[in-house]
Amino acid sequence: SSKIRNVELQSADDVAVLEDCTDFPLARTIRKLEAKPEKGGLPECLGDDSITSTGSETVAEAQIRFLKAKLRAVQEELDSALSECRKKDDENWNLKSWLKDIEEQNTRLQQTISAQLSQAGKYKILSQEANEKSVRLQQEVTVLGKVM
């Protein structure tokens, strides 16, 4: 969890795109940004007003704007993923705490059950001894009743 919270954004040169994650939202965003529209060669996400019709901007400037837009999209996706990771990390911490409490409660209950079973065994033995004593006393009463 501390690794996720201490992640710092690195320069755009250090950004890597996973090829196998084609269904990941970041991959879809990148595919949309990289898609070549029929007109102009730049994605529609840059908008019509990003390139002036006077032609005073060079192709390099347009590419820089495109790459900056792409970088912003990737950074937003990264921020979203980091936020989600933090939420999941917090949720995991809460669940681990809850699990620890449940395990402690389970241990206490097991000890209580063990003590109660032990006590029940003692009471069963006492009950059997009392029944045997009762039978003996009844036999004595019967014998004394015949003698008198």
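User: Which residues in H3 are buried?

Analyst: This is a predicted model, where local features need pLDDT of at least 70, side-chain atom pairs count only at pLDDT 80 or more, and totals for chains, interfaces and linings use all residues. Residues are numbered from 1 along each chain as its sequence is written, and side-chain values use heavy atoms, with hydrogens and water left out. Buried means under 20% relative accessible area, exposed over 50%, and partly exposed in between (1.4 Å probe, protein chains only). By that cut, the buried residues in H3 are Ala 62, Phe 66, Ala 69, Lys 70, Ala 73, Val 74, Glu 77, Leu 82 and Asp 89.

User: And what share of the chain's 148 residues counts as buried?

Analyst: The same kind of count can be taken over the chain, with its 148 residues. The buried share comes to 11%.

User: How many helices and strands are there?

Analyst: Helices (H or I, at least four residues) and strands (E, at least two) are DSSP runs, numbered from the N terminus. Along the sequence the pattern reads α-α-α. That gives 3 helices and 0 strands.

User: How far apart are the end C-alpha atoms of H3?

Analyst: The expected span of a helix is 1.5 Å times one less than its number of residues. H3 has 89 residues, so it should span 132 Å. The model agrees with that, its end C-alpha atoms being apart by 129 Å.

User: Which two side chains meet in a salt bridge?

Analyst: A salt bridge here is a side-chain nitrogen of Lys or Arg within 4 Å of a carboxyl oxygen of Asp or Glu, and the count comes to 1. The partners are 4 residues apart in helix H3, so about one helical turn separates them. One partner is partly exposed at 37% relative accessible area, and the other is partly exposed at 44%. With 4.0 Å from N to O, they are Glu 84 and Lys 88.

User: Is Trp 98 buried or exposed?

Analyst: Trp 98 sits in helix H3, residues 59-147. Together with Leu 95, Leu 99 and Ile 102, Trp 98 makes a nonpolar surface patch of about 400 Å². Its relative accessibility is 53%, so Trp 98 counts as exposed.

User: Where is confidence lowest, and where is it highest?

Analyst: pLDDT is the predictor's confidence in each residue, from 0 to 100; the chain averages 77, and 61% of the residues score at least 70. Among the helices, the lowest mean is 40, in H1 (residues 2-5), and the highest is 94, in H3.

Note on methods. Patches are made of residues with over 30% relative accessible area and no salt bridge: like charges are joined within 9 Å, nonpolar side chains (Val, Leu, Ile, Met, Phe, Trp, Tyr) within 5 Å. Accessible areas come from the Shrake-Rupley method with a 1.4 Å probe; for residues, only the protein chains shown count as cover.
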